[in-house]
Amino acid sequence: MKRPTAMIAGTGHAVPKRVLTNHDFAGLGIETSDEWIVERTGIRQRFIAGEGESLTSLSADAARQAMKAAGVTAPELDFIVLGTASPDRLLPATAVEVQAAIGATRAAALDICAACSGWVYGMQVAEGLMATSGAETVLVIGAETLSRIVNWKDRNTCVLFGDGAGATIVKRSTKGRGILSVFSRSDGTLADLLHRPAGGALRPVTPEVLAEGSNCITMAGREVFKNAVRSMAEACDRALDGAKLSATDIDLLIPHQANIRIIEATAKHANMPLEKVYVNVDRFGNTSAASIPIALDEALRSGRIKEGMTVMFVAFGAGFTWGSLVVRF
Ligand code: UT7
């Protein structure tokens with residue numbers, strides 16, 4: 001494929017109204033502390049979806065902003081690609097609900113289940129669709145309502161995750177802007193380190209499943225941490241190789257926002273000084289597939305990304321899945 005084929009033409013993001021700070025966990029009867037969470041993760045607060053808020057509503061809000069920024073209307077969308085690990089329903093895909101909500105009457109819509117790598121995978125799918133199917137305008141969303149699938153009695157996980165949605169309009173490249181390189185990998189042999197053991201067709205929800213909480217996310221944190229550091233390092237190297245660039249050519253690194261220590265280790269490996277790394281994990285927690293597109297939207301709207309800059313994105317998540325992109329703006 002000739003690159004760049006696909007470029008980012010507009011972005012948006014949305015979060016629920018309710019903020020849950022680290023201090024609020026005491027009131028929920030969870031044995032933790034602000035000190036532990038900040039020291040181990042860098043997280044200070046996260047957004048939690050309430051009544052009337054859903055993956056569809058957050059995604060549609062983010063999508064409307066992205067379309068406005070790109071000067072695109074909903075009927076112009078050819079595809080909607082939505083990365084999520086917390087769909088509103090198991091069937092149908094949330095992407096089709098977003099299609100209905102925004103009135104994207106011509107679009108085909110599908111979900112991607114690649115956990116925290118959902119947006120990076122989604123961007124690669126969008127690029128492929130533009131190269132092969134003639135699609136001209138693709139909406140790529142990364143969105144989560146993880147608060148609805150975490151076990152609120154498990155302090156190993158419930159303090160980490162947050163809800164939100166980030167949307168990106170992908171259009172055909174002009175003036176050399178767009179995706180310069182992509183990389184993606186998966187390793188299903190490690191699936192059980194971060195998963196929902198039950199609640200799918202293999203082991204449907206039963207009173208027993210609900211009692212043990214095995215329909216919720218479980219994670220072997222330390223093992224996931226090690227794999228995240230290793231895989232995100234590999235993904236940075238491969239994306240730079242693919243674009244024939246070095247770290248000094250990258251103006252901003254936007255890594256998946258899971259843990260400040262993983263972000264710092266990734267930046268160190270990639271030889272990127274921390275001033276060139278976007279961090280918002282303190283304000284959003286780990287929003288999985290939404291973390292990178294939310295950070296991207298903030299970076300664009302605050303002027304941190306300017307025309308002509310080169311940005312590297314890198315993600316890692318359940319599966320395991322990992323991947324990266326280098327994009328010229
Ligand atoms: O989004 C992509 C996938 N997810 C990730 O990338 C997350 C990767 N993992 C991590 O970020 C880290 O492993 C965690 C933040 C989850 C945990 O940090 P850690 O430094 O690896 O801690 P640990 O799991 O080794 O636990 C250390 C101690 C344990 O106590 P003992 O066994 O040493 O007595 C835990 O029980 O901290 C305890 N602990 C807590 N204490 C207070 C675990 N969670 C909490 C908590 N508050 N919320």
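1. Which residues does glycine 134 touch, not counting residues up to four places away in sequence? In this predicted model, the contacts of glycine 134 under that condition are Leu129 and Arg172. Glycine 134 belongs to the loop between helix H4 (118-132) and S6. Its relative accessibility is 46%, so glycine 134 counts as partly exposed. Between the C-alpha atoms of glycine 134 and valine 205 there are 41 Å, the two residues being 71 apart along the chain.

2. A second loop residue is serine 147, placed between strand S6 (137-145) and helix H5 (155-158). Is serine 147 buried or exposed? Serine 147 counts as buried because its relative accessibility is 9%, and the cut-off for that class is under 20%. Leaving aside residues up to four places away in sequence, serine 147 touches Ile48, Ala49, Trp152 and Asp163. With aspartate 163 there is also a polar contact, side chain to side chain, at 2.6 Å.

3. Strand S1 spans residues 6-14, and 8 of its 9 residues are buried, so the strand is largely enclosed by the rest of the structure. S1 pairs with strand S7 (residues 163-172) in the antiparallel sense, over 8 bridges. Within this pairing, isoleucine 8 is set opposite valine 170 of S7. As a general point, side chains in a regular strand alternate between the two faces of the sheet.

4. Helix H1 covers residues 34-41, and Ile37, Val38 and Thr41 are buried in it. These buried residues line one face of the helix, because they fall within an arc of 100° when seen down the axis of H1. Exposed residues Glu35 and Glu39 are carried on the face of H1 turned away from the buried side. The cover over the buried residues of H1 includes strand S3 (45-48), helix H8 (260-269) and helix H9 (281-284). Just after H1 comes glycine 42, with a positive phi of about 85°.

5. Helix H8 has Ile260, Ile262, Ile263, Thr266 and Ala267 as buried residues. Viewed down the axis of H8, they fall within an arc of 160°, so they too line one face of their helix. The elements against which they pack are H1, helix H7 (221-243), strand S11 (252-255), H9 and strand S12 (310-317). At the N-terminal end, asparagine 259 caps H8: one of its side-chain oxygens lies 2.8 Å from the backbone nitrogen of arginine 261. Just after H8, asparagine 271 takes a positive phi of about 65°.

6. The ligand site should be read together with the two helices above. How many residues surround the ligand? There are 23, and the closest are Thr32, Arg40, Arg222, Asn259 and Asn286. Asn259 is thus named both here and as the cap of H8.

7. Three polar approaches to the ligand may be noted individually. A polar side-chain atom of threonine 32 is 2.7 Å from a ligand nitrogen atom. The side chain of histidine 256 places an N or O atom 2.9 Å from an oxygen atom of the ligand. For tryptophan 36, a side-chain N or O atom is 3.2 Å from a ligand oxygen atom. Taken alone, the ligand exposes 950 Å², of which the protein buries 77%.

Terms used. Residues numbered from 1 in each chain as written. Predicted model: local features only at pLDDT ≥ 70, side-chain atom pairs only at ≥ 80, totals over all residues. Heavy atoms only, no water. Buried < 20%, exposed > 50% of the residue type's maximum accessible area, 1.4 Å probe, protein only. Helix = DSSP H or I, 4+ residues; strand = E, 2+ residues; numbered from the N terminus. Arc of directions from axis to C-beta. Contact = heavy atoms within 4.5 Å. Near = heavy atom within 4 Å. Polar contact = N/O pair within 3.5 Å; in protein donor to acceptor, adjacent residues only side chain to side chain. Areas by Shrake-Rupley, 256 points an atom, 1.4 Å probe, with all protein chains shown as cover. Pairing = 2+ DSSP bridges.
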